[in-house]
Every structure is written in structure tokens, then in C-alpha cells.
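I opened this model to look up one residue and the helix packing around it. My entries follow in the order in which I checked things.

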Amino acid sequence: MATEFYVEFRAEGSPDEADLREEAERRLGALADKRDDMIGASVVIERMERAETPHRFRARVVAYVRPDNIAATEQAESARGALKGALRAIERQVREKRIKLGRPWEREDL
């Protein structure tokens, strides 16, 4: 049984914020669909304006997954590239966690 799912989104310095929000909500929503372990997510995309890193973006995605949250950070030349990298990492980590939780004989915490 799926619960209500909410994505908190903030993009600083990105001209295509609406498109990025839509992609994040679509991919995270698909990951949470028909599951009750993922209750929400936070996405922050920020421009890294420093002398040593001009024109770079950092995306941080935190998935609120029971029992422990999962986070990923990615840097890229574009906001879209950073977001896609962070979302790929979150998707991989959530799937790995679900596989591990589905195999109780392999869990160390039991």
C-alpha cells in the first residue's frame, strides 16, 4: 500500500527549474510507486560559483526511506547532468537496499 509521496525541490541558478522538478518528481515517484518504505524526498540543485569551480552545479538528493534515509550528491557542468547523476545513485542505492531487506538470511542486523 503506497503512502502519500512528496518531493521538496529547490534549484538555485538554473533556468530550467520546472523541467528539473518534473524529472525529479517523475523518477522519485516511480521509485516509490506501490511501496511503503519511501515516504518522500528532498532535491537541492545549486550553482557552485567559486574561483576553482566556475560553471558547475551540485545536486543533492535525499530519499526518506524507512528505516534509514539514503543520500547522493553529484557534480556536473550542467544542472540537468548533476541531477541525473544524483538520481541514478539514489535509484541504485534504494534498489540495493530493497534487495538486501528482501533477503533476511544475509542481513547482519538480525
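Is E91 buried or exposed? I noted a relative accessibility of 13%, so E91 counts as buried (under 20% relative accessible area, with over 50% being exposed and the range in between partly exposed, for a 1.4 Å probe and protein chains only).

The model is predicted, so I kept in mind that local features need pLDDT of at least 70 and side-chain atom pairs pLDDT 80 or more, while totals for chains, interfaces and linings use all residues. Residues are numbered from 1 along each chain as its sequence is written, and side-chain values use heavy atoms, without hydrogens and water.

I placed E91 in helix α2, residues 79-101 (helices are DSSP runs of H or I with at least four residues, strands are runs of E with at least two, both numbered from the N terminus). Beyond its neighbours within four places in sequence, E91 contacts R27 and L31, contact meaning heavy atoms within 4.5 Å.

I then turned to the helix pair: R27 and L31 of α1 are among the residues that meet α2, where the partners include L87, E91 and V94. By class, this contact has 10 nonpolar, no polar and nine charged residues (Ala, Val, Leu, Ile, Met, Phe, Trp, Tyr, Cys and Pro are nonpolar, Asp, Glu, Lys and Arg charged, and the others, Gly among them, polar).

Lastly, I noted for the whole chain that two helices and four strands are present, in the order β-α-β-β-β-α along the sequence, and that buried residues make up 38% of the 110 residues.
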